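I opened my notebook for another look at a fold. Here is what I looked up, entry by entry.

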Amino acid sequence: MCDDKDKPTTSKEKNKNNEESNQETEYTKDCLGEEDSTMEAMRKFFAQNLNLNTAQDEDDCTGKKLIDDLTFEGLCEHWKTKGFKNIITMVGAGISTSAGIPDFRSPGSGLYDNLQKYNLPHPSAIFESHYFEQNPKPFFALAKELYPGSFNPTPSHYFVRLLHEKGLLLRHYTQNIDTLERVAGVPDEKLVEAHGTFYTNHCMGCDMQYSMEWMKDQIFSDKLPTCTNCKSVVKPDIVFFGENLPDKFYTLPGKDFNKCDLLIIMGTSLEVQPFASLVDRAGRRCLRLLINRTKVGGNDHGGLGYWFFGGPGLMFDSPNNTRDIAYVGDCDDGVWALVGALGWTDELSHLIKTENERLAKENAVQRQRKEKDKQSS
């Protein structure tokens, strides 16, 4: 049994493909001009071979705004009157900072600025496979400071949960490894943890799987997590530099972003590829809202990002902007402003209150169990 791509091509199909190819060439020339069409062809070559094609629409080049008022207020009004059906959320470390977890790049408070105590050759070495294999202790020391279970989800996390409960969440794409989406109650089938997670762990020698609870006990006992089977180091399933992203990241976007009618991007610098490229996978009929402390996500047409990942990025201040809207501020503030405009404030407040009470009870039970275990031992 073969895939569609392996089936022989008939002469009729070849003629159809040639016609479509010629139409696409003319379309490209009309949109970009003769000089830019070469770059577009190169971009498509790389995108197709890397399975990173962007969603395309028939009216990509019309220049017509999706809504008349491309402001935060205009988007809220459109949401109240017309609604959305398939929302994708796409987030980074900025949605977790109010929980007490530092982001990576904020000057002075960012994670990279606070790693000097580990005597690293450079800040990102703590997330490099080669360095981890030689010296895993700095990573586990950092993991103890940031480990899931020490923090509660933020209003931004619970907003994603609320979207799910309302049947509006198509998928949640996250760069974060803190598992706070799971703690907030976003189900596994809605999650794409692009940079992996602490939720599962595997031995680097024999690939034996270990639970999050086992790993947490090892880390908080200041032990180097070691496989009980082969004595190799056990590593959380987070993606280090030089490692492949999870399969979900490559299989789901092609399905999701063609359906998406609203993309909400929160708390990310959009500097890390290929995650940042997701913004351009949304079809031209999809509105894109950024909630972030600064406007990010623009893409120079002459840069490698455009060649490989398919588009100009977010275009807030461009005269050609047809669908991009920015709320400049903290993620939680943006979320409260959004739910306030939609009349969901009470629902989100109730969700946060009940979930925090549940987590407090669970944590109290866990502490009691640990105290009993200590006394019995």
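**Strand pairing and a one-sided helix**

I started with a single bridge: H172 has L191 in strand 3 as its bridge partner. A reminder to myself is that this is a predicted model.

Next I looked at the two strands themselves. Strand 2, residues 169-174, pairs with strand 3 over three bridges, and the sense is parallel.

Then I stepped back to the whole sheet. I found an open sheet of six strands, ordered 3-2-1-7-8-9, with parallel pairing. Strand 3 (191-193) and strand 9 (324-328) are at the edges; each has a single partner strand, so one side of each lacks a neighbour in the sheet. I also noted the turn between neighbouring strands of this sheet, which averages 15° with direction ignored.

What lies across strand 1, strand 2 and strand 7? I found helix 5 there, residues 155-165, running at about 165° to strand 7. For my own reference, strand 1 spans 87-91 and strand 7 spans 262-266.

My last stop was helix 7, residues 212-220. Which of its residues are buried? I listed M212, W214, M215, Q218 and I219. These residues sit on the same side of helix 7, because the arc they cover around the axis is only 160°.

I then checked what covers those buried residues. Among the elements doing so are helix 4 (137-146) and strand 4 (196-203), along with strand 5 (209-211) and strand 6 (234-238).

One backbone detail closes the page: D222, just after helix 7, takes a positive phi of about 60°.

Methods
Residues numbered from 1 in each chain as written. Predicted model: local features only at pLDDT ≥ 70, side-chain atom pairs only at ≥ 80, totals over all residues. Heavy atoms only, no water. Pairing = 2+ DSSP bridges. Helix = DSSP H or I, 4+ residues; strand = E, 2+ residues; numbered from the N terminus. Axes fitted to C-alpha atoms, helices over the stretch in contact; angles between N-to-C directions. Contact = heavy atoms within 4.5 Å. Buried < 20%, exposed > 50% of the residue type's maximum accessible area, 1.4 Å probe, protein only. Arc of directions from axis to C-beta.
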